[in-house]
Amino acid sequence: MEVIESLIDTSCDEYKANYEAMGKLVAELKAELNKAREDRSEKALKRNEELGKLPIQKRLDLLLDRNTPWLEIAPLAARGLYDRKVHGAGTRAGIGLVCGREVLVHANDPMIKGGTVYPMGVKKTLRCQTISMENNLPMIMLVDSGGAYLPLQSEIFPDTDDGGRIFYNQAIMSKMNIPQITAVMGLCTAGGAYIPAMSDHVVHVTGTGAIFLGGPPLVKAATGEEVTAEELGGAEVHCRQSGVSDYFAEDDRHALQIIRDIVALLPPLEKARVPRREPKRPLYDPQEIWGVVPRNISTPYDVREIIARMVDGSEFLEFKALYGPTLVCGWAYIHGYQVGILGNNGVLFSNSSLKATQFISLCDRQGIPLLFLQNINGYIIGREYERGGITKDGHKMVHAVSTATVPKFTVIVGASFGAGNYGMCGRGYSPRFLWMWPNAQIGVMGGEQAADVLVAVKNDQLARDGQPPLPQEIVEGIRGPIIHSALNEGNAYYSTANLWDDGILDPAMTRDVLGLAISSSLNAPLAGRHQGHGTFRM
Ligand code: COA
């Protein structure tokens, strides 16, 4: 395959300024991730120690195979929400190796408000279950949670994608033959009691773990009966009498060892086969992406410069290189796995949309995973393009993305606006994983554009009534808040806080993260090629 020849001059001022700017964004990201992992109150640390429980990081370290990669999911979920201290939405989750098997781990952090479940915590658990189901990954849950965060109970409880869905999914996952292994490492109350109850394997830590539908305070209030948590739902009760739990653990360490033993006994799994070859490092250092990406999101640059720093040997077989040039499509390998890559080099025209449709369809038929590198302001607009049928050509691309059955992966490397987000496999199009870069922005349209649209609408109304257009100070009064909210709500941190993505990545790490994600996705069989599609509008 041909090697992409980079035109980037790494000694020029522009490159250095870009590098420095991205370096700052990545330093900020690392500080945020550290804070999410470590910012716990003295009170909570002391209480955890008194109870003889291991901190969450230690639990993960003991569960996972040593010195193996860990792909954390949504570590900054709920950032800035609630009291700004519900880090990671109160949980740690990710994909790691246990006894050589790729598994999804989901653990409550009892040091964040007793591990209680906030609305974003529900959303994160549901997201983890989706990942587990789509990629056929066994799910390990380390439960240590006071159940619903009661002050926000109305936002957690009744709707389709609220708390009850977690247990519904557990039943469906069991039916799908996806192993679910739960360790009871704290109190599991009410709804929380159903997490172990709905699992295939339940390990119960004596002394600290308990399962009950109503905790001691509720029992006292309802019946007057005085009972301790251990008497009501401890390991002795559930391993010896009720049969709710299967394995009696002396402490956290013992429980984690039992989980490892259970995983080791799972039936072996044959991964799906996609075209592979020996992995190679890219010819250009992935770290150079920092200097390639312009500081200003509106400055155009060639997406091939990113691809060259992401794929094995920087080798790329470009598809229809001369046709529809605002979308670069082609084949490459990442950590030895063949992928079909689509990357934006400008707005989408009819020809680029048709090229995408053909390329996606080819990859889907050949069983090749798809990688979307999103930096898109949308589809082209205007009289000429409407007459040329941009809407129906955009439809073909969106249709092909929606119906493709091979694993899809999306990285938002810059802008993600309007229907461009859809065509380039935004969250609504079920990519197996979606990440943002720290410079990325997302929204229906940019703030400036949205402000211009609303001012134009107002001026049209006035013109209809024979009035003069809005004076400048009123225009600024309309524009200001719209631009402000688009900036505030369109950045990568807002996105990740609200679980619109699976995390923000250091661009230099993207290649490695993709390697792990592709490997994880192959736990599920390919859905079957030639699945076909609906009716294309011609
Ligand atoms: N909703 C909201 N906040 C809760 C809560 C809940 N369900 N359960 C605990 N908290 C808060 C506490 O108020 C405390 O807040 P603070 O740090 O601001 O003081 C914090 O979580 C830790 O609770 P604490 O009781 O001090 O810690 P602990 O480790 O001794 O016990 C629990 C933790 C969760 C076992 C215990 O608090 C408990 O039993 N909670 C009630 C559980 C329940 O009945 N849930 C029903 C949900 S359906």
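Student: Which residue forms a salt bridge with D502?
Tutor: Keep in mind that this is a predicted model. The cut-off for a salt bridge is 4 Å between the side-chain nitrogen and the carboxyl oxygen. Here the closest N and O atoms are 3.2 Å apart, and the partner of D502 is R427.

Student: How many residues apart in sequence are the parts that D502 and R427 tie together?
Tutor: D502 sits in the loop between helix 19 and helix 20 (510-521). R427 sits in the loop between helix 16 (418-423) and strand 14 (433-436). The pair therefore ties together parts whose separation in sequence is 75 residues.

Student: Is D502 buried or exposed?
Tutor: Buried means under 20% relative accessible area. D502 has 2% relative accessibility, so D502 counts as buried. Its partner R427 is partly exposed, with a relative accessible area of 24%. For D502, then, the class is buried.

Student: Which residues do salt bridges that share partners join into one network?
Tutor: The structure holds 27 salt bridges. Some of them share partners and link up into one network. Its members are K53, R59, D144 and D252.

Student: How far apart are the closest N and O atoms of D65 and R260?
Tutor: These two residues form a salt bridge. D65 is buried, at a relative accessible area of 15%. R260 counts as buried too, at 17% relative accessibility. The closest N and O atoms of D65 and R260 are separated by 2.8 Å.

Student: Why does the pair of D65 and R260 tie together parts that are apart in sequence, and how many residues apart are they?
Tutor: D65 lies in the loop between helix 3 (56-63) and strand 1 (71-72). R260 lies in helix 10 (residues 252-264). The pair therefore joins parts of the chain whose separation in sequence is 195 residues.

Student: Where do E102 and K271 lie, and how many residues apart in sequence are the parts they tie together?
Tutor: Their side chains meet in a salt bridge of 2.9 Å, N to O. E102 lies in strand 3 (residues 101-108) and K271 in the loop between helix 10 and helix 11, so the bridge connects parts separated in sequence by 169 residues.

Student: Is K271 buried, exposed or partly exposed?
Tutor: E102 is buried, with a relative accessible area of 13%. K271 has a relative accessible area of 31%. Partly exposed covers the range between 20% and 50%, so K271 is partly exposed.

Student: Which residues touch the most other members of the largest nonpolar core?
Tutor: This core has 74 residues. Helix 4 (residues 119-135) gives the largest share, six residues. A second, separate core of 25 residues includes F319, C329, L348 and I360. In the largest core, the residues with the most contacts to other members are I307, I341, L373 and W437.

Student: Which residues does L373 touch, not counting residues up to four places away in sequence?
Tutor: L373 is one of the core members that touch the most others. Leaving out its sequence neighbours, L373 touches V303, I307, M310, I341, L342, G343, N344, V411, V413 and M424.

Student: How far apart are the end C-alpha atoms of helix 1?
Tutor: Helix 1 (residues 13-38) has 26 residues. At 1.5 Å a residue it should span 38 Å. The model agrees with this, because the end C-alpha atoms are separated by 37 Å.

Student: Which residues of helix 1 are buried?
Tutor: Their cover includes helix 11 (289-292) and helix 19 (492-497). An α-helix has 3.6 residues a turn, so residues three or four places apart point the same way. The buried residues are Y15, N18, M22, G23, V26, L29, E32, L33 and A36.

Student: What accessible area do V444, M445, V453 and V457 have together?
Tutor: V457 lies in helix 17 (residues 447-464). V457 counts as partly exposed because its relative accessibility is 41%. The four residues form a nonpolar patch on the surface, and their accessible area together is about 330 Å².

Student: What is the phi of A89?
Tutor: A89 lies in the loop between strand 1 and strand 2 (91-98). A89 is buried, with a relative accessible area of 1%. A89 is not a glycine, yet its phi is positive, at about 60°.

Terms used. Residues are numbered from 1 along each chain as its sequence is written. This is a predicted model: local features need pLDDT of at least 70, side-chain atom pairs count only at pLDDT 80 or more; totals for chains, interfaces and linings use all residues. Side-chain values use heavy atoms; hydrogens and water are left out. A nonpolar core is a set of buried Ala, Val, Leu, Ile, Met, Phe, Trp, Tyr and Cys residues joined through side-chain atoms within 4.5 Å. Buried means under 20% relative accessible area, exposed over 50%, partly exposed in between (1.4 Å probe, protein chains only). Helices (H or I, at least four residues) and strands (E, at least two) are DSSP runs, numbered from the N terminus. Contact means heavy atoms within 4.5 Å. Patches are made of residues with over 30% relative accessible area and no salt bridge: like charges are joined within 9 Å, nonpolar side chains (Val, Leu, Ile, Met, Phe, Trp, Tyr) within 5 Å. Accessible areas come from the Shrake-Rupley method with a 1.4 Å probe; for residues, only the protein chains shown count as cover. The expected span of a helix is 1.5 Å times one less than its number of residues.
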